[in-house]
Every structure is written in C-alpha cells, then in structure tokens.
Amino acid sequence: MKWSWKVGRIAGIEVFVHATFLILLGWVALSHYLQRRSWEDALGGLGFILALFGIVVLHELGHALTARRFGIRTRDITLLPIGGVARLERMPEKPAQELLVALAGPAVNVVLALILLAILIAAGEKVSAADVQVVGGHVVATLMWVNVTLAVFNLLPAFPMDGGRVLRALLAIRMDYVHATEIAARIGQGMAFIFGAIGLFTNPFLVFIALFVWMGAAQEAGMVQMKSVLGNVPVSRVMITDFRALLPGDSLARVVEHILAGSQEDFPVLENGGVVGVLTRTDVLKGLTQSGPQALVGDTMQRTFETASPSEMAEAAFARLQSCPCRVMPVVGNEQLVGMLTVENLGEFMMIQAALKSRQQSQTRHGGDSTTSRSQVEG
Ligand SMILES: [Zn+2]
C-alpha cells in the first residue's frame, strides 16, 4: 500500500503502518493533552494507541494464520486508523474457508476480551462503566472494552469489515461468487451511507469510517468483477502480440525514436532469440539523464524481471504484474518470446469484455421481455 512504513516482522509477515494511522496518533495525543493540559495524559493516550496497535496486529494475525492453514500466504499486514488489513496472497476458493478466515480476526478479540475479563475477576476488581476511559481509567477494563468494540465493529456486514466477508461467504454458499459480492457490496455501501449520515450529526470520525467502507465496497466489487472477466482466460488470449523488441546493442536514441513513433513504452530485449531483459519508459528516462542518448540498451535494461507463460491463467499473471514493481511482463513459451503483458493491456481487455457483456445482457433482456409478454398473452 502507498504511504505505508514498515515497522516490523511477525511470524514471517511484514507489518506496515499507514500514514493516516499517524494522524490518528497525533489526534489522540492532542485531544488528551487538551482535556487537562497535561503531557502525562498525552503520553497515556499514546500508550493506549500503542496497545490498540498490538491488539489490531493480533487480530490480523488471526486472519493470516488461519489462511496459512489453508495454504494461503499473507503478503503483509498494514495498520489503518479503522483497523488493519492483512493482504492475503489470494482469497480462499471455498466459501466455508473464507468464512473461517474472516471470523478468525474477531475471534481473537473475543478471546482477548475473555482473558482480560478473567484477569479483572481474578484480581477481584469491581469495575463500573465509568472506569472505561482512555484517560485516567482502569487500563485492563478499557482494553477489554476495546476488544469487545473491535469484535462487534468488525462483524458489521460491510466491506472491508470482516462482517462483509462473512456475509459474502454465507451468500456464496447459495449463489455464485460475483453475485454474492455484488449483494454484499451493495449492503456495505448502504451501511456506509447510514454511518455517514449519522456521523454528520454526531461524530466526524464516523464520516471517516463511512468513506473507508464505501471505498472498500467499491474496490471489492471491482476486484471480483475483474476475476469474473478474467476467469478461465489464458494469458495467450490477453497478451499483446504486435510489439517491437530491442537488442542489447541498440542505443537509447533509437528507443526514443520507437517511443515517439508508436504507442509502445515498454520493450523486451532479445539476444539470440531469448529474452535477456526489459526496458521500461522509466528506465529510458533514467538512462538518458545519467548517460545520454548514446547509452546502450544492454547497460540500461532491467536484467531481473518476471515472465508469464501463454497457458497460465490471465488472472494469476495480472495479479503478479500488479504486485511487482515491473510495468511489463514478457510472455515466454518454449523459450521463445511470444507476447507481452502490461497493466494498460489489462485495462483494455476489461473494457472490451464489459462492452461485450452489456451488449449480451441487453440482448437477453429483450429476449426475456418477449417471453413474458407471450406468457401474459397465454394467461
Ligand atoms: Zn479483521
């Protein structure tokens, strides 16, 4: 995720903090300080946020480690103000598995809340609701309350909350995945709208959450749509086959001519028929600044790059393309360069498929209309 910093590594998974989380830290410290003009309160507030941070990481580890049981790795965990995001390599295929992965996070909070409750009971402490305060409250009681809130909040049936995934998994047991996601996303956006409306009159933080939920729902629906368009389509059907290739001995001046004359911006570099590198527009610009137009492609190109195979599923190939810093992926079959995959190329394919699909839908709709009218006539 952009605007994130790495803070550590747990169970082999890298943990990042998003910049907006720091805004939350600043906001909490400031609001605590302003309450009683005390720096101690501000520090207490920060300590509380760090504890919250730990709880959120444990929640995300719940998801990640459950997914690992189903053979799914987690790329990283990012902490946002409204919670964490564990970026799984892929979603479980079976709805029952997705259900368990989604429930595992809130389950961690339930367990933590029960442990904290046991500590309170063992210590014989009588805690009233008034003790649940971030400033000057009872720490154990407050953290217990935090866990209960996180469990309940995350189970709201709205993407990107876990409850949204639970809802989708439950729906997907009865219907196809795309349809289930559409329904779950629509419910999520409806809830975001309600959050936002309530937030406008009560708590601005709710408006913030509403925005996140709204975007999360849209993103989830888009991702699943991409999956449905690309489902069972091999790379060979999506790849660019009309492109120019370069030689390591070509000069950058020549590459610039190619870029200006055509629409291609990223090039494969061939030597003795095999791909030895890729040269993107960014590499060309960097090479021009550093070494001038006479620099050679072989000295400027990226020598480590990912390739795709023509029979590989396009969805998997594009997922790799989007997660690597490369902009382009040569498609290699039988050690021969047969095509190229780019992010723009994916966008174009999706657009064309969407156009074809909406034409198909309008045709079936017309067909449907005529059957209804016929049955009406019969009736
Ligand atoms: Zn979660």
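How are the donor residues of the zinc ion spaced in sequence? The pattern is H-x3-H-x98-D. The legends below describe a predicted model.

**View 1. The zinc ion and its protein donors.** Three residues supply the donor atoms: His 59, His 63 and Asp 162. Each histidine offers its NE2 atom. Asp 162 is listed twice, each time with an OD atom. The donors lie 2.0 to 2.5 Å from the zinc ion. The angles among the four donor atoms run from 57 to 150°. Four donors count as tetrahedral only if all angles lie between 85 and 135 degrees. The site of the zinc ion is irregular.

**View 2. Two histidines in helix H2.** His 59 and His 63 both belong to H2, which covers residues 39-69. They sit four residues apart. That spacing is about one turn of the helix. Are these two histidines buried or exposed? Both His 59 and His 63 are buried.

**View 3. The second largest pocket.** Its volume is about 690 Å³. The lining of this pocket holds 24 residues. Nearest its centre are Phe 48, Leu 52, Pro 81, Trp 145 and Phe 205. Helices H1 (19-36), H2, H4 (139-154) and H7 (204-230) each give two or more residues to the lining. H1 gives the most, with six residues. What is the chemical character of the lining of the second largest pocket: nonpolar, polar or charged? There are 19 nonpolar residues and five polar ones. No charged residue is found in this lining.

**View 4. Thr 74 in strand S3.** Strand S3 covers residues 74-80. Thr 74 counts as buried because its relative accessibility is 12%, and the cut-off for buried is under 20%. Which residues does Thr 74 contact, leaving aside neighbours within four places in sequence? They are Ile 13, Ala 64, Ala 86, Arg 87, Leu 88 and Glu 89.

**View 5. Glu 98 in helix H3.** Helix H3 covers residues 95-122. Glu 98 has a relative accessibility of 2%, so Glu 98 counts as buried. Glu 98 touches Met 91, Pro 92, Arg 165, Arg 168, Ala 169 and Tyr 177, not counting residues up to four places away in sequence. Look at Arg 165 in this list. Glu 98 and Arg 165 are 67 residues apart along the chain. Their C-alpha atoms are separated by 7.3 Å.

**View 6. Asn 334 and Glu 335 in a loop.** Asn 334 is in the loop between strand S7 (328-333) and strand S8 (336-342). Glu 335 is also found between S7 and S8. Most residues other than glycine have a negative phi. Asn 334 has a positive phi of about 50°, although it is not a glycine. Glu 335 is not a glycine either, and its phi is positive at about 60°. Are Asn 334 and Glu 335 buried or exposed? Asn 334 counts as exposed because its relative accessibility is 78%. Glu 335 is exposed too, with a relative accessible area of 72%.

**View 7. The protein chain as a whole.** The secondary structure comes to 13 helices and eight strands. The chain has 379 residues, and 42% of them are buried. Now take the contacts with a separation of 6 or more. Of these, 59% join residues 24 or more positions apart.

Definitions and conventions:
Residues are numbered from 1 along each chain as its sequence is written. This is a predicted model: local features need pLDDT of at least 70, side-chain atom pairs count only at pLDDT 80 or more; totals for chains, interfaces and linings use all residues. Side-chain values use heavy atoms; hydrogens and water are left out. Donors are N, O and S atoms within 2.8 Å of the metal (3.2 Å for Na, K and Ca); water is not among the atoms, so sites may look incomplete. Four donors count as tetrahedral if all angles lie between 85 and 135 degrees; four count as square planar and six as octahedral if opposite donors are over 155 degrees apart and all others between 65 and 115; anything else is irregular. Buried means under 20% relative accessible area, exposed over 50%, partly exposed in between (1.4 Å probe, protein chains only). On a 1 Å grid over the protein atoms alone, a cavity is a set of points where a 1.4 Å probe fits but cannot get out, and a pocket is an open set with protein on both sides within 12 Å along at least five of seven lines; lining residues have an atom within 4 Å of a point. Grid points are joined across faces, edges and corners, and a volume is the space filled by probe spheres set on the points. Ala, Val, Leu, Ile, Met, Phe, Trp, Tyr, Cys and Pro count as nonpolar, Asp, Glu, Lys and Arg as charged, and the others, Gly among them, as polar. Contact means heavy atoms within 4.5 Å.
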